[in-house]
Each structure stands twice: as structure tokens, then as C-alpha cells.
Amino acid sequence: MEELTDILVGLEQRINAYKSRYQELEKKRRRLDDEIATIKKYLELAETLYRVEADKAKLASLSNQIITTDDPKGIRPVPLMDVTDQSREILLGRSKYVGKSVPQAAYEILRESNRAMHAKELVQRLIEGGLQIKGKTPLTSIATSLKRDKRFRKVGPNTFEALGDMLIQAV
């Protein structure tokens, strides 16, 4: 009987060790998934910016060849521009949420991160994404608008998660 008890204790310890390791790995995977998503966005933005700048360079080159004026040399130089303000904003992700409502942008953020977030973190990400938040207290404004929207579930004080599409339809 004592031998059986030792086996059970040993198995219980193994189970607990496996559970603990599993939880650690899940946390690592979530962090890596977030990092991968961020890098993927930056890569897409950089590729878009590259195409925009390459097209601008081509247009500037063509403009130099085509545009003529009444000056004696017959050609008016067209200055090449550095990265435009708009391109810089795109690369830095500062215009990602421009023109969107707070709930729309917050829903995107929560779905991309695949985790619940406190309204304070949402405020920071929305502002970084170029969204203008109206109201004297942005934190309260965001929390209130998310509480009223069926796409979100409150999981803690001022902490929200995005519901999946299937859950939203069921609500």
C-alpha cells in the first residue's frame, strides 16, 4: 500500500510540474504572438512606405524629363522630397486609427492582441494610432463607450476583452 501511495505522490508531482511548465510556455507563446503581430505590422508598413517612396522617386524622375517652361534652359528642375510627413506617420503607425470611432479602433486593438486590456493601455494605443479622444478624462470616455458596446465584455475594473464574432451574434 505504501508503494502505491509513493507512486501516486510521484505522479501528482509530475502532473503539477507539467501544468506549471505548460502555463509558462503558454505565457511565452502569447508574448511571442504579440511580438510577431507587431513585427508583421511594421514590416507591412515599411513595405508600403518603400513602395510609396519608390513611386515618388519614379514620378520625380519622369517629371524632370517632361516638365518644360519658358526659361532659357527649357527644363525646370523638380526637387526630390524626403519622406513625407504622411509616410512618416504611416511608418510610425500614428495614423492607423484616424477616422475610426473609439469602439472600432479598440475592437481592432483587442482582437489583434488577443487578450484583455485595461482602459489605460487602450488610451495609450489609441493615441499612438492617431485617434483623437474627446472628453476631459479619456480613460473614463473609453471605458464608458466600451461598456455600452456589445462587442466588449468587462473582465475587471476598467478592463475589457473583445468578444468573438460568433459571441457577438449570439448577444
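A contact here means heavy atoms within 4.5 Å. Residues 24 or more positions apart make up 52% of the contacts in the chain with a separation of 6 or more. The model is predicted.

**Overall layout**

The chain holds 6 helices and 3 strands. Read from the N terminus, the order of elements is α-α-α-β-α-α-β-β-α. The chain has 171 residues, and 20% of them count as buried. Its accessible surface is about 13100 Å². Carbon and sulfur atoms account for 57% of that surface.

**A positive patch**

Which residues gather in a patch of positive charge on the surface? They are Lys27, Lys28, Arg30 and Arg31. Arg31 lies in helix α1, which spans residues 2-66. Is Arg31 buried or exposed? The cut-off for exposed is over 50% relative accessible area. Arg31 has 52% relative accessibility, so Arg31 counts as exposed.

**Salt bridges**

Side chains of opposite charge can pair when their charged atoms come close. In this chain the count comes to 9 salt bridges. Three of them are set out here, with the distance between the closest N and O atoms.

| Salt bridge | Closest N and O atoms |
|---|---|
| Glu108 with Lys100 | 2.3 Å |
| Arg151 with Asp149 | 2.9 Å |
| Glu161 with Arg153 | 2.4 Å |

Now take the cover on each partner. Buried means under 20% relative accessible area, and partly exposed runs from there up to the exposed class.

Start with the bridge between Glu108 and Lys100. Glu108 has a relative accessible area of 23%, so Glu108 is partly exposed. Lys100 is at 28% relative accessibility and also counts as partly exposed.

Next comes the bridge between Arg151 and Asp149. Is Asp149 buried or exposed? Asp149 is buried, because its relative accessible area is 17%. Arg151 is at 21% relative accessibility, so Arg151 counts as partly exposed. This bridge therefore joins a buried acid to a partly exposed base.

The third bridge pairs Glu161 with Arg153. Glu161 counts as partly exposed at 21% relative accessibility. Arg153 is partly exposed too, with a relative accessible area of 41%.

Some salt bridges share partners. Which residues do they join into one network? The members are Asp34, Arg115, Glu121 and Arg125.

Terms used
Residues numbered from 1 in each chain as written. Predicted model: local features only at pLDDT ≥ 70, side-chain atom pairs only at ≥ 80, totals over all residues. Heavy atoms only, no water. Helix = DSSP H or I, 4+ residues; strand = E, 2+ residues; numbered from the N terminus. Buried < 20%, exposed > 50% of the residue type's maximum accessible area, 1.4 Å probe, protein only. Areas by Shrake-Rupley, 256 points an atom, 1.4 Å probe, with all protein chains shown as cover. Patch = residues over 30% accessible without salt bridge, like charges linked within 9 Å, V, L, I, M, F, W, Y side chains within 5 Å. Salt bridge = Lys/Arg side-chain N within 4 Å of Asp/Glu carboxyl O. Lys, Arg positive; Asp, Glu negative; His and termini not counted. Charge placed at Lys NZ, Arg CZ, Asp CG, Glu CD.
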